[in-house]
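This report describes how the parts of one protein chain fit together, beginning with a single position and widening to the whole fold. Please keep the sequence and the structure in view while reading.

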Amino acid sequence: MKKILTILFSFFIIFSCLAVSRKQDSLLNVLSLAKSDTAKISALISLNDLFYSEGNFEKARSYCNEAIKLYHSVGDMKGLSGMYNNIGNSCVGNIQDNSCS
């Protein structure tokens, strides 16, 4: 019984990792093909959320910074405030990381 649970758990972990990888690849593809700033921002926000949920705060911040540049170019102050909030959250999430300066 213990072997069966171990095998099932292993399969669950493997398939979870594959699903995250496919989602990341899909979002990166959307980002590269997006023509409008709005579509690019949407993909960047989704990538930020994905990496944040994985605990990869540095990568999440990098996508936030890209979105901030686009929000500046379109003059969306509400979007800017949301991205700055996300950067703050990622710094809090990884308080030991010195790259939050």
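Helices are taken here as DSSP runs of H or I with at least four residues, numbered from the N terminus. The model is a predicted one, and in it Asn48 is found in helix α2, which covers residues 37-54.

**Two asparagines between helices**

Is Asn48 buried or exposed? Because buried means under 20% relative accessible area, Asn48, at 3% relative accessibility, counts as buried. Leaving aside its neighbours within four places in sequence, Asn48 is in contact with Ala60, Tyr63, Cys64 and Asn86. Of these partners, Asn86 has its place in helix α4 and, at 19% relative accessibility, also counts as buried. Seen from its own side, and with residues up to four places away in sequence not counted, Asn86 touches Asn48 and Cys64.

**The nonpolar core**

In soluble globular proteins, nonpolar side chains tend to be buried together. In this model the largest nonpolar core has 18 residues, and those with the most contacts inside it are Leu44, Leu47, Tyr71 and Met83. Each of α1 (2-33), α2, α3 (57-74) and α4 (77-93) supplies at least two residues of this core, with the largest share, 7 residues, coming from α3. Met83 touches Ile45, Cys64, Ala67, Ile68 and Tyr71 when residues up to four places away in sequence are not counted.

**Helix α3**

The buried residues of α3 are Phe57, Ala60, Arg61, Tyr63, Cys64, Ala67, Ile68, Leu70 and Tyr71, a list that includes Arg61. At 1.5 Å a residue, the 18 residues of α3 should span 26 Å, and the end C-alpha atoms of α3 are 26 Å apart, so the expected span and the model agree. After α3 comes Gly75, whose phi is positive, near 75°.

**Aromatic pairs and a charge over a ring**

The count of aromatic pairs comes to 2, and their geometry is set out below.

| Pair | Centre to centre | Angle between planes | Arrangement |
|---|---|---|---|
| Phe51 and Tyr63 | 5.6 Å | 15° | stacked |
| Tyr52 and Phe57 | 5.3 Å | 70° | edge-to-face |

The pair of Phe51 and Tyr63 links distant parts of the chain, since Phe51 lies in helix α2 and Tyr63 in helix α3, 12 residues apart. Both Phe51 and Tyr63 are buried. For Tyr52 and Phe57, the planes stand at 70°, so the pair is edge-to-face. Tyr52, at 35% relative accessibility, counts as partly exposed, whereas Phe57 is buried, with a relative accessible area of 13%. Phe51 has a further partner in Lys59, which lies over the face of the Phe51 ring, at 5.9 Å from the ring centre.

**The chain as a whole**

The protein chain has 4 helices and 0 strands, and from the N terminus on its elements run α-α-α-α. Of its 101 residues, 27% count as buried. Among the contacts in the protein chain with a separation of 6 or more, 43% are accounted for by residues 24 or more positions apart. The accessible surface of the protein chain comes to about 6,900 Å², and 61% of that surface belongs to carbon and sulfur atoms.

Note on methods: Residues are numbered from 1 along each chain as its sequence is written. This is a predicted model: local features need pLDDT of at least 70, side-chain atom pairs count only at pLDDT 80 or more; totals for chains, interfaces and linings use all residues. Side-chain values use heavy atoms; hydrogens and water are left out. Buried means under 20% relative accessible area, exposed over 50%, partly exposed in between (1.4 Å probe, protein chains only). Contact means heavy atoms within 4.5 Å. A nonpolar core is a set of buried Ala, Val, Leu, Ile, Met, Phe, Trp, Tyr and Cys residues joined through side-chain atoms within 4.5 Å. The expected span of a helix is 1.5 Å times one less than its number of residues. Rings of Phe, Tyr and Trp (its six-membered ring) pair if their centres lie within 6.5 Å; planes under 30 degrees apart count as stacked, over 60 as edge-to-face and the rest as tilted. A charge sits over a ring if NZ of Lys or CZ of Arg is within 6 Å of the ring centre and within 35 degrees of the ring normal. Accessible areas come from the Shrake-Rupley method with a 1.4 Å probe; for residues, only the protein chains shown count as cover.
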